[in-house]
There are 2 protein chains.
Amino acid sequence: MSDGRRPGSDDRKRRSPAPPGTHAAVAVAVDVVPFALREGRLHAALIGVRATEESRLFAFPGGRVQPEESLDVAARRCLERHVPSEGRFLEQLYAFGEPGRDPGSRVVSVAYLALLPRADDADGVHWYPCDDLPPLAYDHGAVADKALERLQGKLAYTNIAFGLLEDGFTLADLQRVYEAVLGRGLDRRNFRKKVLALELVQPLGRVRHGPHRPAELFGFTERALVTVETLLTKKG
Amino acid sequence: MSDGRRPGSDDRKRRSPAPPGTHAAVAVAVDVVPFALREGRLHAALIGVRATEESRLFAFPGGRVQPEESLDVAARRCLERHVPSEGRFLEQLYAFGEPGRDPGSRVVSVAYLALLPRADDADGVHWYPCDDLPPLAYDHGAVADKALERLQGKLAYTNIAFGLLEDGFTLADLQRVYEAVLGRGLDRRNFRKKVLALELVQPLGRVRHGPHRPAELFGFTERALVTVETLLTKKG
DNA sequence: ACAAAAGTGTTCAAAGTACACCCATGA
DNA sequence: TCATGGGTGTACTTTGAACACTTTTGT
């Protein structure tokens, strides 16, 4: 995640207009950063938004918060409208509210982090590797940075990885998830030792076959966010 | 921090009304949780709000976000309107947006954590010990919980304590801050060792006198938030 | 038989934890 | 001289980090 700037000129109205009969001084929206793994790399889902000029911009799925829905519900709605795969994890990230972040109208946006077990294709959804995102609209560069930072942080002391992986993975699969998100390699033996000692995962009693020794398959012990002692320091 | 519930009935309009001519579906406010130490205990600043019934409720300082101000600026404005002592630290906590959290109108409130070096008295401000808060309006019980949790967490791996202490403190003073916030005792020798090894503080070359051996005075090396290795695990 | 990934233990270094005594001063 | 809090060091335990070889299978 690099591009943290908001692009200069982008003057069309943002997503759904304000409800008729209102001229809200400050509107509330949610934006969801959906992460998933594809080909062993961490990707984020983006929606194309057409800038007035030639430039093509992308933004995370989002929209106005409806009068009767909570922020969490709004985030889930916006996620599911665009991204089919069921979200395993959804957590509030940060509220972005600089005047001018959304040119032309004042919008405070509450950003969410979503984790999906797969990066399924769908109409209008574009999956990009997190380390090579296209130009982003609004302040979504900063949103992306915050999301990755949060995910990396929680990887070290929670079981958050369950959001990115279906049960029936090998320990090597799990390690690859960690390595993809953190962007660095981990020692296989130490990683296995810690993950097993913390009882983060449990063996399913099945194996996966391939042109090599079969690998034992595991599932997460708990599929809600759990804080553990310390899973990672510098190597894991 | 205990009371996490929002009280049942509280039907007057909240703080400043919506700007004239608007019926905003969702309004945006900020709420600031100001923490400071008083007599060695962590206190929070609250404003009395008069419930329609007999019950007296309290709420954290807050207010609507103005069209041209950022969330951070709105938070600082609301803090300074009520609490005189200059805030050393102000950080966004979480956005609370359940429908019904503010009876009668839909308000999404972005909560902030503020740290002050002193708990100065001022008109309308009431300082309460964090472990003995009065009944709180809205969902401010949950806000208080989140604020304390954040402060306790960051104490363990940042220099956030600078927000609660003026330069010219003894290491014993600093340790008392940690103990007050965490609610548990720390080993003096190990605490000194870590704080000094991390160069969190630096000696000022002055001492404080009392009916005992003089104590060396210290100041924070850095007065912006800095992340350090690991300051606390179980004892510090 | 070979390639490819799975699985496993030990050693060393660093950090955390527990703990007790002397010091300097003001009253 | 005594009461009060300030200041210091060491031994032990736990945790982290580095590291290489054997196993099992499919082709």
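**Exercise 1. The surface near DNA strand D**

Determine which helices and strands each supply at least two residues of the surface near DNA strand D in this predicted model, and describe how that surface is composed.

Solution. The elements are DSSP runs, helices being H or I with at least four residues and strands being E with at least two, numbered from the N terminus. A residue is near a strand if one of its heavy atoms lies within 4 Å of it. By these rules, α4 (188-197) and β9 (212-220) of chain A, together with α4 (188-197) and β9 (212-220) of chain B, each supply at least two residues, and β9(B) gives the most, with 5 residues. Of the 25 residues around DNA strand D, those that come nearest are R189(A), R213(A), R188(B), H212(B) and E216(B). The surface divides into 13 charged residues, 6 polar and 6 nonpolar, where Ala, Val, Leu, Ile, Met, Phe, Trp, Tyr, Cys and Pro count as nonpolar, Asp, Glu, Lys and Arg as charged, and the others, Gly among them, as polar.

The model is predicted, so local features need pLDDT of at least 70 and side-chain atom pairs pLDDT 80 or more, while totals for chains, interfaces and linings use all residues. Residues are numbered from 1 along each chain as its sequence is written, chains are lettered from A and ligands numbered from 1 in the order in which they are written, and side-chain values use heavy atoms, with hydrogens and water left out.

**Exercise 2. Polar contacts with DNA strand D**

State which part of DNA strand D is contacted by R188(B), by H212(A) and by G210(A).

Solution. A polar contact with the DNA is a pair of N or O atoms within 3.5 Å. An N or O atom in the side chain of R188(B) is 2.3 Å from a base nitrogen, whereas a polar backbone atom of H212(A) is 3.3 Å from a base oxygen. For G210(A), a backbone N or O atom lies 3.5 Å from a sugar or linking oxygen.

**Exercise 3. Disulfides**

Count the disulfides over all chains, and explain the outcome for C78(B).

Solution. A disulfide is a pair of cysteine sulfur atoms within 2.5 Å, and the count comes to 0. The closest cysteine sulfur to that of C78(B) is in C130(B), and at 20 Å it is too far for a bond. Buried means under 20% relative accessible area, exposed over 50%, and partly exposed in between (1.4 Å probe, protein chains only). C78(B) is buried at 0%, and C130(B) is buried at 5%.

Technical notes
Polar contact = N/O pair within 3.5 Å; in protein donor to acceptor, adjacent residues only side chain to side chain.
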